[in-house]
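Reader: Before we discuss any labels, could you show me the model, and then let me ask what stands behind each of them?

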Amino acid sequence: MLYENLVILQCDQEYGETSFIAAVDRKTGKEVWRVPRIHRRSWATPLLVKTPSRTELVTSGAESVISYDPATGKELWRAPGVVSNPIPSPVAGRDLVFVSAGSQEKRAMAIRVGGAGDLTGTTNIIWSYEKGTAYVPSPILYGDYLYLLTDAGAITCLEAATGKVIYQARLPIAAKFTASPVAFEGKILIMSEDGDGFILKAGQTPDVINANSLGEPVYASPAIASGKIFIRGETHLYCVANSMSKAATQ
């Protein structure tokens, strides 16, 4: 994660004995700060979240979710962890950060940022949901809803503010999913490992409005920039033009 003049690395090791998070100067590589972490292995990328008074660096972990000051490494708050080894990265919006994991156990949580100390049992833990999470794909926050996508193509739409289940559905073709969904113009794009792309209408109903196949495996998440969608397949890089003035890739 890049923050001002720093490159920040969350390095959670196999059993946690030597885990740490550190920041190095991005021009010189000199270490600026390092904080030990008692967390077993994780792959989730940390997330920078801006609040009215500060910027927080939120890290997902099986044992705990911790927010740090990205400039110094000082711990700001911690909350209960996601239990499983996290691969999905956090997403944030509306003063909330959403974390999830789904390897050994399923858990998604919404935590209000801006807190201090141990948030366990406080009103900063907005909701927790114990099913529907993925082993690999990250969730996506789009509009009022958080969408969870499992590795087998099951979709759960939750009301982001409350955790209320809006719907649970499956994509029309059986497939495996590694790429995380992206969203634009009221639509959500989901790519399967087989290279099938599904366009899901965002909102309260699980309407698949289009499906196309690239004809080759896709494992990487699509990227959106300058009115175009970029999709990296096994052997090709695809650029799909679209009018996306309100694109989102959270």
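Author: Asp12 is buried, and Arg37 is buried as well, a label that in this predicted model requires a relative accessible area under 20%.

Reader: What makes Asp12 and Arg37 a salt bridge?

Author: Their side chains meet with 2.8 Å from N to O, and the cut-off asks for a side-chain nitrogen of Lys or Arg within 4 Å of a carboxyl oxygen of Asp or Glu, so the pair of Asp12 and Arg37 qualifies. Asp12 sits in the loop between β2 (6–11) and β3 (20–25), whereas Arg37 sits in the loop between β4 (31–36) and β5 (47–50), so this contact ties together parts that are 25 residues apart in sequence. In total, the structure holds 9 salt bridges.

Reader: Why are Glu63 and Arg40, which form a salt bridge, called partly exposed?

Author: The label covers values from 20% to 50%; Glu63 has 34% relative accessibility and Arg40 has 28%, so each of them counts as partly exposed. Their closest N and O atoms are 2.8 Å apart. Because Glu63 lies in the loop between β6 (55–59) and β7 (64–68) and Arg40 in the loop between β4 and β5, the pair ties together parts that are 23 residues apart in sequence.

Reader: How do you know that Arg94 is exposed, and what sets its phi apart?

Author: Exposed means over 50%, and Arg94 has a relative accessible area of 54%, so the label applies. As for the backbone, most residues other than glycine have a negative phi, whereas Arg94, which is not a glycine, has a positive phi of about 60°. Arg94 is found in the loop between β9 (91–93) and β10 (96–101), and the loop between β9 and β10 is also the place of Asp95, whose phi is likewise positive, near 65°. The relative accessible area of Asp95 is 44%, so Asp95 is labelled partly exposed.

Reader: What is known of the largest cavity, and which classes of residue make up its lining?

Author: A search of the whole structure finds 1 cavity of 30 Å³ or more, and about 40 Å³ of space lies in the largest cavity. The lining has 8 nonpolar residues, with no polar and no charged ones, and among them are Tyr147, Leu148, Pro181 and Leu200. Two elements, β15 (145–149) and β19 (187–191), give two or more residues to this lining, and β15 gives the most, with 3 residues.

Conventions:
Residues numbered from 1 in each chain as written. Predicted model: local features only at pLDDT ≥ 70, side-chain atom pairs only at ≥ 80, totals over all residues. Heavy atoms only, no water. Helix = DSSP H or I, 4+ residues; strand = E, 2+ residues; numbered from the N terminus. Buried < 20%, exposed > 50% of the residue type's maximum accessible area, 1.4 Å probe, protein only. 1 Å grid on protein atoms, 1.4 Å probe; cavity = no way out; pocket = protein on both sides within 12 Å on 5 of 7 lines; lining within 4 Å. Points joined across faces, edges and corners; volume = space filled by probe spheres on them. Nonpolar A, V, L, I, M, F, W, Y, C, P; charged D, E, K, R; others polar.
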